[in-house]
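Reader: Hi! Please walk me through this one, and let's start with a helix.

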Amino acid sequence: MNDLPNARAELARLQSRESELVKELTDMRKAVAAQKVVIDELVKASAVQHIDCLPSNLLAETFLYIKDEWHILVSVSRRWRAVIIDTPGIWSEINLDLYRSAPTRLSLHLERSRQIPLTVVLGSYHRDLLDIVMLHANRFHTLRIDGHASQILSRICRARLPSLQYLAVSIPDDLVDLLPVVHSFVPALKRLELRRFSSASSVVYGYLGYNNPRWTPPQIIAAESLEELSLKGFTFDWDSQQDSVQFPLLRRLTLDITCPIPFLEVLVAPKLTHVYFTGGYCGEAVPREFSGTCSKFDNVTHITFALSHLEHAVNGQPLFSPQSLCPIFRRTRYADIHVEYVPMLFSLPLAGHGQIPVDHWTCLESLSIRSFTFSSLDAFEDLVAWFTQRRDSDQRKLHLKLIHEDQANNLVTLNTSHTLYQTLQECCASVVLDGVPLSAY
């Protein structure tokens with residue numbers, strides 16, 4: 001009988017011990033959790049961000065990709081501020097409109113840019129600011145004049161710009177005849193863009209080195225060094241001598257002008273390989289000098305016909321008729337055209353006789369057609385017929401790319417059973433669908 005009280009006493013002792021152990025475990029778990037919090041806080045307080053592990057030169061290169069946000073980055077840390085201030089590339093782009101009431105800040109930023117090449121944007125005329133930035137004219141690499149062209153050019157017309165490689169000038173139509181002759185020294189100029197100029201051919205001659213006996217080549221913007229030329233706007237009269245505008249190094253030409261053929265008549269560019277056409281153009285006969293077996297543009301291998309940003313018709317005529325340009329560039333190997341020009345280029349002229357325009361391109365290897373949409377499928381009837389004729393006559397197969405661009409509407413899903421798709425697959429060396437989904441149903 002004495003065993004039962006003893007057993008109950010032992011049970012009570014064990015239960016008490018169990019409670020003590022449970023409490024100790026609970027307290028231990030709380031202590032562990034609290035210690036983890038302490039450690040996390042200590043880690044956060046002492047942690048170094050991965051980007052701050054970079055050496056200063058790599059950090060500076062990173063900042064160059066987001067240099068427009070420098071005013072935010074400088075407030076992150078003392079190190080970031082020091083690196084930004086000590087990185088000349090962050091201060092190499094100068095837009096004078098941003099310094100209208102801060103000439104001292106302009107001088108400071110130019111000082112921080114040290115001696116590296118500058119990109120300068122002049123949107124409006126601020127004489128004091130222009131005087132400050134012109135002290136660094138020897139470092140101009142890119143110069144954009146977006147407004148007040150007459151006043152700005154009057155200020156810089158005799159400046160020495162030995163490092164300038166890219167010049168873009170927007171010229172209001174009503175100021176074309178009032179622009180000063182630019183006698184700047186720009187021996188390194190490689191790319192020239194003239195925008196919104198009108199009928200005064202003196203603009204092009206004054207800027208492009210026209211052989212005027214009153215001027216000597218060093219006094220005019222050097223045509224000898226140009227590799228890229230872009231003329232955007234309207235030009236109605238090019239009454240000048242044939243082959244009178246010469247560009248010995250020109251490789252790329254963009255023409256967004258009303259009548260390109262008269263300009264092509266005066267142009268001599270033996271190294272020209274890429275030509276980009278857009279803007280308004282009313283068809284005209286191919287001049288006699290382009291109708292022989294050889295052409296001064298036989299080195300052109302890449303041609304682009306882009307959609308005009310203007311209205312589609314003037315007085316019932318299409319603004320851009322590329323048919324007359326095809327015989328001029330007979331050695332074209334790579335063509336990039338907007339889908340709206342497919343009916344013009346791949347069908348016989350309206351008179352019903354003559355050549356299909358693209359048949360003048362006897363060396364054609366690759367064709368890209370942009371803005372391919374569902375609504376453009378009907379325009380491909382002539383294209384399918386043209387490819388079929390090439391196949392039946394055993395002509396060389398071409399590489400074709402159909403491109404759907406983001407801004408184009410009515411995206412088409414091309415069915416593999418569609419006549420267009422099957423014919424293109426049979427007649428082309430390759431067919432690439434860029435942004436055009438393909439369906440088997």
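Author: Happy to. The buried residues of helix α11 pack against α10 (342-345), β15 (366-370), β16 (398-403), α12 (419-427) and β18 (428-434). Contact here means heavy atoms within 4.5 Å. Buried stands for under 20% relative accessible area, exposed for over 50%, and partly exposed for in between, with a 1.4 Å probe and protein chains only. Helices (H or I, at least four residues) and strands (E, at least two) are DSSP runs, numbered from the N terminus.

Reader: Before we go on, what kind of model is this?

Author: This is a predicted model, where local features need pLDDT of at least 70 and side-chain atom pairs count only at pLDDT 80 or more, while totals for chains, interfaces and linings use all residues. Residues are numbered from 1 along each chain as its sequence is written, and side-chain values use heavy atoms, with hydrogens and water left out.

Reader: Good. Which residues of α11 are buried?

Author: Leu-383, Val-384, Trp-386, Phe-387 and Arg-390. They sit on the same side of α11, because the arc they cover around the axis is only 160°; that arc is taken from the directions from the helix axis to the C-beta atoms. On the other side of α11, Glu-381 and Asp-392 are exposed.

Reader: What is the general reason for a pattern like that?

Author: An α-helix has 3.6 residues a turn, so residues three or four places apart point the same way.

Reader: And how far apart are the end C-alpha atoms of α11?

Author: They are 17 Å apart, which agrees with the 16 Å that its 12 residues (381-392) should span at 1.5 Å a residue. The expected span is 1.5 Å times one less than the number of residues.

Reader: What comes just after that helix?

Author: Asp-394, which takes a positive phi of about 60°. Asp-394 belongs to the loop between α11 and β16, and counts as exposed because its relative accessibility is 71%.

Reader: Where else is there a positive phi on a residue that is not a glycine?

Author: Arg-114 has one, of about 55°. Arg-114 lies in the loop between α5 (103-112) and β2 (118-122) and is partly exposed, at 41% relative accessibility. For background, most residues other than glycine have a negative phi.

Reader: Back to α11 for a second. How do Trp-386 and Phe-387 pair up?

Author: By the ring rule there are eight aromatic pairs. Trp-386 and Phe-387 make an edge-to-face one, with 5.2 Å centre to centre and 70° between the planes. The rule takes rings of Phe, Tyr and Trp (its six-membered ring) and pairs them if their centres lie within 6.5 Å; planes under 30 degrees apart count as stacked, over 60 as edge-to-face and the rest as tilted. Elsewhere, ring pairs link Phe-277, Phe-297, Phe-305, Phe-329 and Trp-361 into a cluster.

Reader: Nice. Which arginines lie over a ring face?

Author: Arg-112 lies over the face of Trp-91, 4.7 Å from the ring centre, and Arg-191 lies over that of Tyr-166, at 4.4 Å. A charge sits over a ring if NZ of Lys or CZ of Arg is within 6 Å of the ring centre and within 35 degrees of the ring normal.

Reader: New topic: how many disulfides are there?

Author: Zero, counting any pair of cysteine sulfur atoms within 2.5 Å. The closest cysteine sulfur to that of Cys-427 is in Cys-428, 6.4 Å away, so it is too far for a bond. Cys-427 is buried, at 4% relative accessible area, whereas Cys-363 is partly exposed, at 21%.

Reader: And what about α2, which residues are buried there?

Author: In α2 (residues 56-64) they are Leu-59, Ala-60 and Phe-63. They fall within an arc of 100° seen down the axis, so they line one face of the helix. They pack against α3 (70-73) and α4 (78-85).

Reader: Is Lys-67, in the loop between α2 and α3, buried or exposed?

Author: Lys-67 counts as buried, at 18% relative accessibility. Leaving aside neighbours within four places in sequence, Lys-67 is in contact with Gly-89, Ile-90, Ser-92 and Glu-93.

Reader: Last one: how many helices and strands are in the chain?

Author: There are 12 helices and 19 strands. Of the 441 residues in the chain, 44% are buried.
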